[in-house]
Amino acid sequence: MMIRTIQCPLPLEQSLIDTVCVYNQAVQVVIDAGWELRSYNKNVLHAKTYAAVREQLPNLQSSLVQCARDMASASLKLAKKKGWQCKKPVKKPTSSIRFNQRTFTPFLESGTISISTIDGRKVYPIVIPSYFQRYQFSTVNAMVLKVKNDKIIAFLNIEIADPIVNDRPTSFLGVDRGINNAVVASDNTFLNSSHIKDVKYKYQKLRQSLQSKGTRRCKRKLKSLAGRERRFMTGENYKIAAWLVAKPFDCIVLENLKGIKTNSKKQKKVGKQARKRFANWAYYQLELIITNKALEAGKMVLFVSPKYTSQRCSRCGHVAKDNRHGAEFCCKQCGFSIHADLNAARNISERGKAVFGRAKVNRPNVARYDAAEFLPRIAAASPRL
Ligand SMILES: [Zn+2]
């Protein structure tokens, strides 16, 4: 099962706004009691606060009181983790609130949702984003309501059946996440990233000038700038992932870059200036998006060791440091000359293929094939993005 969160706007209606407000009061009552008792145990909290909450907030129906208690318990649990050495959690009247399955019922076919409010059950129109309409979702697990400026947004946790992934791939697409190109694929295609770098560079310059001023207005501006940059990068990563997943290959092979920091060899291929520009590229996010998109399309994602992918000749296998000169690869042994990132992408593809070559004898259980020279890691569906 994969769990996804979808955002659906709800009408800004008084019953909903009041419910959020009263619910948060209830959460606070329970937090106060739990904080005194140094406990997040739901039974303890229930025994201590249920009657009081019902009396203080008679409009809040009993199942919502239970939701509020569970939310308070979660906050208290966090406080416990910090050894109660933090400030007592405080709920604002507009803090997000959580509904369990008993307190809302989505009717996705008719585009409505019934929600427990302090004025009883109410039905609201709901629009499922078109992207999710193609899914058959079996269950909607929980809902979080968020009041944001003058909007109410419902975050629905939905369960989607696991896609069937081809576990005997025969075609492998090696992907090198290059410096001058966002990605280079082993099918001789390049995805240029100069516009991404330009935009990131622009943001960096803006950031520097704002940081040097340091007024309150600048700080606020910096914050919104960070959000904009992040959203831009996420959008670009989605485009890159879509481009890769659409290719006719049933296994996408990536380098296992976990643990590789910005000052690693991989990044030292370029100058200091480019490295700085590149340092905060959301690679991990790109990896996640590729993995999710590929699994949805029934494709496998394989992670292989990045060792020597840029030094090894993809034609004869000769490994030498000076095979590579910047963007150019020229093998010292066989004279093979090729774009350096493309050479790396081909090596990565080879490594993916090798994993399944060995597995031919048995049923491929790739997790077992952690041979010394590479440690393949098969991507699992990540719970949410
Ligand atoms: Zn060679």
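What is the volume of the largest cavity? In this predicted model, the largest cavity has a volume of about 40 Å³, and a search of the whole structure returns one cavity of 30 Å³ or more. The lining of the largest cavity is made up of Val30, His46, Thr49, Tyr50, Val65, Gln66 and Arg69. Two helices stand out in this respect, since α2 (42-56) and α3 each contribute at least two residues to the lining of the largest cavity.

The metal site was examined next. The zinc ion is coordinated by the SG atoms of Cys313, Cys316, Cys331 and Cys334, at 2.3 to 2.4 Å. The angles subtended by the four donor atoms around the zinc ion run from 107 to 111°, and the arrangement is therefore tetrahedral; for comparison, the ideal angle at a metal with four tetrahedral donors is 109.5 degrees. Along the chain, the donors of the zinc ion are spaced according to the pattern C-x2-C-x14-C-x2-C. Cys313 belongs to the loop between β12 (300-304) and β13 (324-325), whereas Cys331 belongs to the loop between β14 (328-330) and β15 (337-339), so that this pair ties together parts that are 18 residues apart in sequence. Cys313 is buried, its relative accessible area being 0%, and Cys331, with a relative accessible area of 4%, is likewise buried, because the cut-off for a buried residue is under 20% relative accessible area.

Aromatic contacts were then considered across the whole structure, where a search finds three aromatic pairs. One of these is formed by Trp35 and Trp84, which meet edge-to-face, with 5.6 Å from centre to centre and 80° between the planes. Trp35 is located in helix α1 (residues 14-37) and Trp84 in the loop between α3 (62-81) and β2 (97-99), so the contact ties together parts that are 49 residues apart in sequence. Both partners are shielded by the accessibility criterion: Trp35 counts as buried at 14% relative accessibility, and Trp84 counts as buried at 12%. In the pair of Phe172 and Phe356, the ring centres are 5.8 Å apart and the planes stand at 40°, so this pair is tilted. Phe172 is part of strand β8 (residues 172-176) and Phe356 is part of helix α9 (residues 340-358), so the pair ties together parts that are 184 residues apart in sequence. Phe172 is buried, with a relative accessible area of 6%, and Phe356 counts as buried at 9% relative accessibility.

Aromatic rings also take part in arrangements with lysine side chains. Lys202 lies over the face of Tyr203, at 5.2 Å from the ring centre, while Lys247 is placed over the face of Trp243, at 4.3 Å from the ring centre.

A further contact concerns helix α5 (residues 216-245), in which Asn237 is found. Asn237 has a relative accessibility of 0% and counts as buried. The C-alpha atom of Asn237 is separated by 7.5 Å from that of Gln285, although the two residues are 48 residues apart along the chain.

Key. Residues numbered from 1 in each chain as written. Predicted model: local features only at pLDDT ≥ 70, side-chain atom pairs only at ≥ 80, totals over all residues. Heavy atoms only, no water. Donors = N, O, S within 2.8 Å, 3.2 Å for Na, K, Ca; no water. Tetrahedral: all angles 85-135°; square planar, octahedral: opposite > 155°, others 65-115°. Helix = DSSP H or I, 4+ residues; strand = E, 2+ residues; numbered from the N terminus. Buried < 20%, exposed > 50% of the residue type's maximum accessible area, 1.4 Å probe, protein only. Phe/Tyr/Trp six-rings, centres within 6.5 Å; stacked < 30°, edge-to-face > 60°. Lys NZ or Arg CZ within 6 Å of the ring centre and 35° of its normal. 1 Å grid on protein atoms, 1.4 Å probe; cavity = no way out; pocket = protein on both sides within 12 Å on 5 of 7 lines; lining within 4 Å. Points joined across faces, edges and corners; volume = space filled by probe spheres on them.
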